[in-house]
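Dear colleague,

Please find the structure below, with the sequence beside it. My notes on what turned up in it follow underneath.

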Amino acid sequence: MTTKRIFVITGPTGSGKTTVSHYLRSQYQIPQVITHTTRAPREGEVGGRDYYFETPASFVTKHYLEHVTYSGNQYGSSREGLAAAWERSPLISIVLDTAGAITYARELGEQAVVIYLEVADQEALIQRLTKRGDLPSRIKKRVASDEYLRDQALPVGLVGHAHVIVNDDWQATRRQLDELVTEYCQHDVVTKD
Ligand SMILES: Nc1nc2c(ncn2[C@@H]2O[C@H](COP(=O)(O)OP(=O)(O)O)[C@@H](O)[C@H]2O)c(=O)[nH]1
Ligand SMILES: Nc1ncnc2c1ncn2[C@@H]1O[C@H](COP(=O)(O)OP(=O)(O)O)[C@@H](O)[C@H]1O
């Protein structure tokens, strides 16, 4: 049987987590676990595809494997969401903050393949957020949040568990992702023998 695995994509805001998750979906048909949030949708975001957008009252009715507060909003991933994605494919992905990534690494062990993204130049990262359409006031609040500052560095709890990718150049990032997918697909061929 093919081993079930999940690519846990983490890193600070603007490091490219969503972009990586979309690439894994379009290039390799790797489904993404959709998580729940109380934050308002950004322009272009669609409920049920990007997030399940919740009110504070509806958020607390779900069964979470883990949940966090990030820059004043609630986020959580459900056990049901994980099981539903694994029904569709043995290799799936999820986008989490580093606290969530630590929980997944602890709860799922080797099934969780953690990818930590970072951008070397902070100015470039701010420019990416601006280009993405984030309002200057929101960017200011986000980059001043404790959670953003915490996620700037690979947490001790993920050292030795995470594949670190410096996402400055998309072609280089793509190559590293291609290698990872190949590695984890071959892993299964090897373990089946
Ligand atoms: N722990 C955890 N983090 C989540 C979850 N859903 C989203 N996040 C993280 O919450 C943070 C804020 O997400 P978002 O508002 O979409 O901002 P972004 O990082 O700029 O895309 C990011 O680090 C996401 O990876 C979840 O269910 N659990
Ligand atoms: N390597 C890259 N070079 C330039 N822009 C990038 C790169 N990776 C992602 N981006 C852009 O940066 C912005 C933030 O990326 P996104 O995936 O939304 O980050 P996150 O989900 O971590 O907040 C998006 O507009 C995305 O298109």
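How many residues surround ligand 1, and which are the closest? There are 18 residues around ligand 1, and the closest are Thr 13, Thr 35, Tyr 75, Asp 97 and Gly 100, where a residue is taken as near a molecule if its C-beta atom, placed from the backbone, lies within 6 Å of it.

Before going further, please note that this is a predicted model, in which local features need pLDDT of at least 70 and side-chain atom pairs count only at pLDDT 80 or more, while totals for chains, interfaces and linings use all residues. Residues are numbered from 1 along each chain as its sequence is written, and chains are lettered from A and ligands numbered from 1 in the order in which they are written.

The protein chain has eight helices and eight strands, which are DSSP runs numbered from the N terminus (helices: H or I, at least four residues; strands: E, at least two). At least two residues of the shell around ligand 1 come from each of α1 (17-28), β4 (64-70), β5 (73-78) and α4 (98-108). This shell divides into six nonpolar, eight polar and four charged residues, with Ala, Val, Leu, Ile, Met, Phe, Trp, Tyr, Cys and Pro counted as nonpolar, Asp, Glu, Lys and Arg as charged, and the others, Gly among them, as polar.

Ligand 2 is surrounded by 15 residues, the closest being Gly 16, Lys 17, Thr 18, Thr 19 and Arg 128. Here α1, α5 (122-132) and α8 (170-192) each supply at least two residues, and the shell consists of one nonpolar, nine polar and five charged residues.

Turning to the interior, the largest nonpolar core has 27 residues, of which Phe 7, Val 8, Ile 9, Val 114 and Ile 115 touch the most other members. Such a core is a set of buried Ala, Val, Leu, Ile, Met, Phe, Trp, Tyr and Cys residues joined through C-beta atoms within 7 Å, and a residue is buried if 20 or more other C-beta atoms, placed from the backbone, lie within 10 Å of its own, exposed if 12 or fewer, and partly exposed in between. The largest share of this core, six residues, comes from β7.

Lastly, the UniProt annotation "domain: Guanylate kinase-like", from an unreviewed entry, covers residues 4-182, although such annotations may be inferred rather than shown by experiment. That span is 42% helix and 22% strand, and its end C-alpha atoms lie 15 Å apart.

Best wishes
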